[in-house]
Amino acid sequence: MPENRCVQGIWTSPWLFILAASGSAVGLGNIWKFPYMVGENGGGAFLFVYLLCMLFVGLPVLIAEVALGRSVRANPIDTINDLHERHIINKAWVLVPYLAGLAGFLVLSFYSVIAGWALAFFERSLKGVFTETDEVQTQSVFQELISSPSEMMLWHSVFVVLVILAVGQSVTRGLAVLVKVLLPSLVLMLLGLSVYSVLVGDLDQTLSFLFSWKWNQITPNVVLAAVGHAFFSLSIGMGGMFAYAAYMSKHMSIARACSIVVGVDTLVAILAGLVVLPLVFALNINVDTGPSLTFISLPVAFGSLPGGQLVGSVFFLLLILAALTSAISMLELFVSWLHERFYISRLKASLLLGVGVWLLGFASLLSLNDWSDWTVFGYVLFDLLDKFTSLILLPVVALLLSVLVALNIPRSRLENELITRNPKHFKWWYNVLKFFSIPIMLVITITGWIGV
Ligand code: TRP
């Protein structure tokens, strides 16, 4: 394929893909969701399965998605169309990238509500609301926010506008610069906070929660939660990585790039766990509190830190930016498609999608209070969107894309695309994907459908 096929430019250095993909992976999933998922799902048992999933399902599937994305150098929808037109794959596959785009769209609608919480906490932190606070007070600050639809609406709208403006730009330009500053700052901040948290928090209880677990704690629900979260955290199954891969230089080793992304993503999640959990135990907050866990425990730490007002504000700012670089990837699939296929400007395309996200997000934030009586399978809309995407849609799309790559694309094509210096590595990836990741996803998807 000629290198200039991509309408929107190519990352000028191989590192830019790694940066953009890490920016997509690292987000609220690592800092907000991971600690409470560990708490809710029994600690060490979840962590153990999660790490296995990252290595044996997340990484191989990410490599497959990126290889597919780079092969044609177009947006995911046109890529699959192109493969179909050249009689490499069957017509039915053409539906898959639309499902992937839908997943990104649905995730963004509740993701932006949570990013809105981070904005609200940023504002409160700047105002010094958390100075010398305790967990009872932070709990009521959180409760006050959740029970005010108008305030949540305000911050949700601010975040959606930021996303629209950001996706309106070409991702091959500003994004990597932002991530280059953001990621090291975030890692440093989390390192500093984890040292503090380990010193003042309850390390003993954290360690026993994470390391003394029993095999019988690995229930189907824990496995399902761990696989679902691995997909969520690596942004796979929604075509964002697929879309970014189109801008990736042909000379770069896909396996190496993807391994770095998985490593960075796991590191940030574990650091966030080490910040949140020792505090949670020391403050006697229930570990299985759920989505409010990070928002309740961290401000208490900021309140007691010297210079905590500043540290807390910088932390929430970094969290918002991390959420923004993830959010960009959720709309990239449809935005790049509308732009390349229909010549709609990126800004107009993101405005169009952003309005949809804004409306659905509005409904999902209302479901946390005024509309909380309205449930499907016992879930309010907010939880329904979260569970439906993480446990069903992302695994299904990831499964379909993996089957497409492993069983439908000729092996020689994949070997060319993946250019590994060591042929053994290719075999490894190919066999793990075919005989391990795909069967696991199949089981997970079926249990997901039955169990949710
Ligand atoms: N990975 C991001 C996080 O951890 C969230 C994210 C980005 C995502 N793109 C996605 C989640 C696609 C699901 C699907 O915060």
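**Overall architecture and local features of the predicted model**

Of the 452 residues of the protein chain, 61% count as buried. The structure described here is a predicted model. The chain is built from 18 helices and two strands. Along the principal axes, the C-alpha atoms occupy a box of roughly 65 × 50 × 45 Å. The radius of gyration is 21 Å, which agrees with the value near 22 Å that a compact globule of 452 residues would have. Among contacts between residues at least 6 apart in sequence, 84% join residues at least 24 apart. The accessible surface of the protein chain amounts to about 17,600 Å², and 67% of this area belongs to carbon and sulfur atoms.

The interior was examined next. In soluble globular proteins, nonpolar side chains tend to be buried together. In the present model, the largest nonpolar core contains 175 residues, and W117, F315 and W429 have the most contacts inside it. When residues up to four places away in sequence are not counted, W429 touches P60, I63, A64, V405, L414 and L418.

Helix α4, which spans residues 76-85, is largely enclosed by the rest of the structure, because eight of its ten residues are buried. The buried residues of α4 are P76, I77, D78, T79, I80, N81, D82 and L83. The elements that cover these buried residues include α3 (44-72), α5 (96-126) and α11 (240-245). Also included in this cover are α14 (308-342), α16 (381-408) and α17 (411-418).

A further buried position is L293, which belongs to helix α13 (residues 293-304). The relative accessible area of L293 is 0%, and this residue is therefore classed as buried. Leaving aside neighbours within four places in sequence, L293 is in contact with P35, Y36, V276, V280, I285, N286 and V287. For one of these partners, V276, the separation from L293 is 17 residues in sequence and 8.0 Å in space, C-alpha to C-alpha.

Two loop residues were noted for their backbone geometry. Most residues other than glycine have a negative phi, and most peptide bonds are trans. H87, in the loop between α4 and α5, has a positive phi, near 60°, although it is not a glycine. The relative accessibility of H87 is 72%, so this residue counts as exposed. N284 is situated in the loop between α12 (254-282) and α13. The phi of N284 is likewise positive and near 60°, in a residue other than glycine. With 70% relative accessibility, N284 counts as exposed.

Charged side chains were then considered. Side chains of opposite charge can pair when their charged atoms come close. A search of the whole structure finds nine salt bridges. One of them joins the side chains of R346 and E332, with an N to O distance of 2.7 Å. R346 lies in helix α15 (residues 346-366) and E332 in helix α14, so the pair ties together parts that are 14 residues apart in sequence. R346 is buried, with a relative accessible area of 6%, and E332 is buried as well, with a relative accessible area of 0%.

A network of salt bridges links E123, R124, K127, E144 and E151. Within this network, E123 meets R124 at 4.0 Å, N to O, and E123 also meets K127 at 3.2 Å, N to O. The three residues fall into separate accessibility classes: R124 counts as buried at 8% relative accessibility, E123 as partly exposed at 25%, and K127 as exposed at 60%.

Nonpolar side chains are also found on the surface. F388, L442, V443, I446, W449 and I450 form a nonpolar patch there, with about 630 Å² of accessible area together. Helix α18 (residues 423-451) contributes the largest share of this patch, namely five residues. An α-helix has 3.6 residues a turn, so residues three or four places apart point the same way. L442 is one of the patch residues and is found in helix α18. The relative accessible area of L442 is 43%, so this residue is classed as partly exposed.

Terms used:
Residues numbered from 1 in each chain as written. Predicted model: local features only at pLDDT ≥ 70, side-chain atom pairs only at ≥ 80, totals over all residues. Heavy atoms only, no water. Patch = residues over 30% accessible without salt bridge, like charges linked within 9 Å, V, L, I, M, F, W, Y side chains within 5 Å. Areas by Shrake-Rupley, 256 points an atom, 1.4 Å probe, with all protein chains shown as cover. Helix = DSSP H or I, 4+ residues; strand = E, 2+ residues; numbered from the N terminus. Buried < 20%, exposed > 50% of the residue type's maximum accessible area, 1.4 Å probe, protein only. Core = buried A, V, L, I, M, F, W, Y, C linked by side-chain atoms within 4.5 Å. Contact = heavy atoms within 4.5 Å. Rg over C-alpha atoms; globule rule 2.2 N^0.38 Å.
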